[in-house]
Amino acid sequence: MREKKIKTTSPSLEWNYSPALESTSHLKLKKQYDLFINGEFVKPSSGKYFDTINPSNEEKLAEIAHANEEDVDKAVKAARKAFTEVWSVMPAKERAKYIFRIARIMQERSRELMVVETLDAGKTIRESRDVDVPLACNHFFYYAGWADKLEYAFPNRTVKSLGVVGQIIPWNFPLLMAAWKIAPALATGNTVVLKPAETTPLTAMLLAEIIKESGLPDGVVNIVTGYGDTGAAIVNHPDVNKIAFTGSTNVGKLIQKAIAGTDKKVTLELGGKSANIIFEDAAIDQAVEGIINGIFFNQGHVCCAGSRLFIQEPIADKVIKKLKERMQTLQVGNPLDKNTDVGAINSQEQLDTINRYIKIGKKEGAEMFQPACKIPEKGFYCPPTIFTNVAQSNIIAQEEIFGPVLTIQTFRTVDEVIQKANNSPYGLAAGIWSEKGAQIFNVSSKLKAGVIWANTYNKFDPTSPFGGYKESGFGREGGMHGLASYVKLSNK
Amino acid sequence: MRLEILKTYKLYIGGQFPRTESGRFYTPKNKKGAPLGNMCLASRKDVKNAVSSARKAFGGWSEKTAFNRSQILYRIAEMLEGRRDQFIAELVKQGSTLKQAGEEVNLSIDRIVYYAGWCDKYLQVFSSVNPVSSSHFNFSLQEPVGVVGVIAPQDTSLIGLVSAILPIIAGGNTCLVLASENIPLCSITFAEVLNSSDVPGGVVNILTGNEKELIETFASHMDINSVLYGGASKENIQLIQELAVVNVKRVHYYPMNWSNEDGQSVYLINDFQEIKTTWHPIENIGGSSSVY
């Protein structure tokens with residue numbers, strides 16, 4: 001199954017990649033992971049554990065504690081105590097030093113973090129190594145420095161912490177999302193109860209070990225693992241001051257509704273169906289790389305994935321042809337292999353969802369293309385998939401699929417593509433490919449989306465605010481603007 | 001003896017002064033029980049019409065230059081200053097003393113000037129260039145959230161209304177406003193001020209009517225992006241927050257006294273803004289640096 005044939009432009013020349021597996025020998029995963037509450041690893045009060053598996057081969061990795069209401073209550077109480085007695089009264093510059101220290105230990109353990117992330121989430125090792133883990137470390141490093149400089153971010157205001165924040169994160173960037181949530185919350189003086197996703201809890205538990213090692217005062221960060229019921233217990237806990245959620249729009253709406261009428265603050269980073277627009281004057285080879293990166297990065301499990309492609313008519317055939325050729329070269333398979341471009345789908349459930357949409361797409365009359373590729377027998381995989389002949393009204397062009405599935409539409413004029421791109425309840429991100437600066441600025445200012453990538457796609461940075469318009473949620477994470485989600489401002 | 005000409009108060013939608021399509025009216029009374037006038041009792045359909053007008057006006061208003069918006073807002077202050085006496089008379093009729101009324105009008109005018117000045121500055125103060133680690137130019141700036149539904153503060157007739165509308169339109173949004181139910185006179189007279197101040201029709205739409213009857217439409221309408229609740233009912237804010245989930249509306253609730261200094265702030269403009277972040281590669285081929 002390791003052999004993958006690459007079709008090259010010369011039909012006589014066919015060559016294979018030799019496997020280049022990342023070693024896992026240095027890993028010492030525990031059999032069982034407990035809850036991290038008040039600086040200790042404690043057993044769940046129900047005594048219940050669930051398995052987390054490796055989606056690339058369906059093998060069990062470890063058992064994970066399932067927290068119930070009682071455990072969440074313990075975690076919130078620990079966080080409250082830590083907030084009142086330690087964290088909110090500590091000088092800001094000392095707070096900063098703890099966060100810097102966490103970043104440093106993460107860097108030291110980054111090899112371990114990246115391998116565990118790949119095992120637990122199914123994402124390629126190349127991506128864990130080059131994107132997830134370094135960005136997560138950098139996020140802590142960036143926000144650490146803000147702790148004693150908050151008044152510069154909010155001119156003419158007095159800045160106060162909120163208190164205990166409940167944070168619920170998804171499975172597509174497990175460690176990175178934990179960093180996006182915890183780092184700004186700590187820098188602004190809040191304490192945290194975090195729930196990782198049930199399919200990807202391992203790196204969060206390693207982060208708990210790192211936090212313990214850093215000497216962060218007990219209870220400042222608590223990590224409780226579990227399913228939706230655990231998340232609901234956090235959302236509904238009366239002593240939580242703020243909920244930060246990243247996940248699906250449906251669950252986001254449930255949370256917004258659940259906290260209606262309370263004094264809880266909320267920020268939501270939800271789904272997307274982002275437009276990636278290729279104008280006729282674009283640098284086509286770069287644009288094709290951008291399309292590939294936009295939709296196949298992390299198996300398409302990206303809320304801001306460029307899942308709706310719009311190509312200007314004169315170049316549509318050419319772009320689609322090049323795109324198909326490029327797709328032939330994508331390596332689908334073992335995420336631990338450094339050659340792999342497209343790893344495993346995160347879970348059986350998500351694979352079923354993706355396959356359901358592929359079926360719908362065919363039924364709606366769109367034309368499907370998948371490159372010939374061998375898929376491992378065990379594990380959850382989906383070949384890179386594109387649909388042409390897609391109508392704006394097709395379900396596959398409207399709903400978020402959260403997999404390596406791209407819909408392709410064409411357009412003639414700038415106004416037309418702006419309308420089509422904005423005709424979505426979502427508004428998370430968009431891509432624009434053009435060599436005309438004036439055109440880029442015109443289109444980027446008219447697209448209703450929180451992040452615009454011009455002549456690039458899927459770039460992230462701790463200094464760069466991220467978050468959506470419309471039903472993609474509200475609030476920003478990252479950068480100076482990400483601080484606002486975690487503070488209370490008052491008149492000086 | 002001359003017979004006084006009484007004013008007919010109508011709604012303000014899309015730059016026009018229509019009666020409510022429902023044909024209904026109500027008669028609020030002052031503290032002494034004297035009727036203030038016959039006000040339109042706006043219906044859900046009026047709310048929907050106001051939303052369409054606000055949406056239609058959004059493109060033009062949000063794309064005006066900041067400097068132009070600033071000038072138009074300043075013009076509102078000029079028009080209000082010119083009509084001081086009329087507003088003072090209405091406030092007195094609704095129960096204020098002459099002194100209170102004068103102060104409320106002064107504060108309102110000054111508040112408009114305050115926001116007029118912010119139009120072309122908040123972007124400079126709150127935008128950022130972000131020093132990303134890759135070879136990209138990256139910046140974040142504010143953009144208006146869209147159409148805002150406003151339930152105006154109910155305990156004042158003018159200052160609450162002005163304090164709610166101004167930060168919203170200063171930031172390039174358009175809005176529809178449900179005026180104070182019991183003391184609504186200044187709202188429609190303020191619409192006349194807006195109408196003569198170069199504010200394009202539809203940017204601000206003003207309705208009079210019953211809060212309880214209309215808030216569900218404000219909260220659940222799919223083309224309203226954000227709601228400002230200026231009322232004081234805990235029950236109503238909960239209802240708004242629950243219904244707002246249909247399209248993930250941004251709901252803002254300000255239980256505060258608009259007559260003091262807290263009632264104006266650039267952070268109120270920010271509450272009705274989205275942050276947009278744009279990336280573009282910086283060519284980095286030869287490795288030459290700018291030696292100086």
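**Notebook: chains A and B**

I began with the contacts of Ala208(A): beyond four places in sequence, this residue touches Phe36(A), Phe41(A) and Ile223(A). I am working from a predicted model. Ala208(A) sits in helix 7 of chain A, residues 202-214. I then checked its cover. Ala208(A) has a relative accessible area of 0%, so I count this residue as buried. I also looked up the spacing to Phe36(A). The two residues are 172 apart in sequence, yet their C-alpha atoms are 6.6 Å apart in space.

Next I turned to Asn222(A). This residue belongs to strand 11 of chain A, residues 221-223. Is Asn222(A) buried or exposed? Asn222(A) is buried, because its relative accessibility is 0%. I asked what its side chain reaches. I found the backbone oxygen of Gly219(A) at 2.9 Å. I listed its contacts too, setting aside neighbours within four places in sequence. Asn222(A) meets Phe36(A), Ile37(A) and Asn38(A). Ala75(A), Ala78(A) and Ala79(A) are also in contact with Asn222(A). So are Val192(A), Val193(A) and Leu194(A). I note that Phe36(A) appears among the contacts of Ala208(A) and among those of Asn222(A).

**Chain A overall**

I counted 15 helices and 22 strands in chain A. Along the principal axes, the C-alpha atoms fill a box of roughly 70 × 50 × 35 Å. I compared the radius of gyration with the globule rule. Chain A has 23 Å, which agrees with a compact globule, because 492 residues would give a value near 23 Å. Of the 492 residues, 62% are buried.

I looked at contacts between residues at least 6 apart in sequence. In chain A, 74% of these join residues at least 24 apart. The Ala208(A) and Phe36(A) pair, 172 residues apart, is one I had already noted.

Then I checked the surface. Chain A exposes about 18300 Å², and carbon and sulfur atoms supply 51% of that area. I also placed the charges. Chain A has 59 positive and 54 negative charges, and their mean positions are 3 Å apart.

**Chain B, helix 8**

I moved to helix 8 of chain B, residues 211-220. Which of its residues are buried? I found Glu211(B), Leu214(B), Ile215(B), Thr217(B), Phe218(B) and Ala219(B). I then traced what these buried residues pack against. Two helices of chain B take part: helix 1 (44-62) and helix 9 (234-243). Strand 5 (147-151), strand 6 (174-178) and strand 8 (226-229) of chain B are partners as well.

Last, I inspected the start of helix 8. A side-chain oxygen of Asn210(B) comes within 3.4 Å of the backbone nitrogen of Lys212(B).

How values were computed
Residues are numbered from 1 along each chain as its sequence is written. Chains are lettered from A and ligands numbered from 1 in the order in which they are written. This is a predicted model: local features need pLDDT of at least 70, side-chain atom pairs count only at pLDDT 80 or more; totals for chains, interfaces and linings use all residues. Side-chain values use heavy atoms; hydrogens and water are left out. Buried means under 20% relative accessible area, exposed over 50%, partly exposed in between (1.4 Å probe, protein chains only). Helices (H or I, at least four residues) and strands (E, at least two) are DSSP runs, numbered from the N terminus. Contact means heavy atoms within 4.5 Å. A polar contact is a pair of N or O atoms within 3.5 Å; within protein, one must be able to donate a hydrogen and the other to accept it, and residues adjacent in sequence count only if both atoms are side-chain atoms. The radius of gyration is taken over C-alpha atoms; the globule rule is 2.2 Å times the number of residues to the power 0.38. Accessible areas come from the Shrake-Rupley method with a 1.4 Å probe; for residues, only the protein chains shown count as cover. Lys and Arg count as positive and Asp and Glu as negative; His and the chain ends are not counted. The place of a charge is taken as NZ of Lys, CZ of Arg, CG of Asp or CD of Glu.
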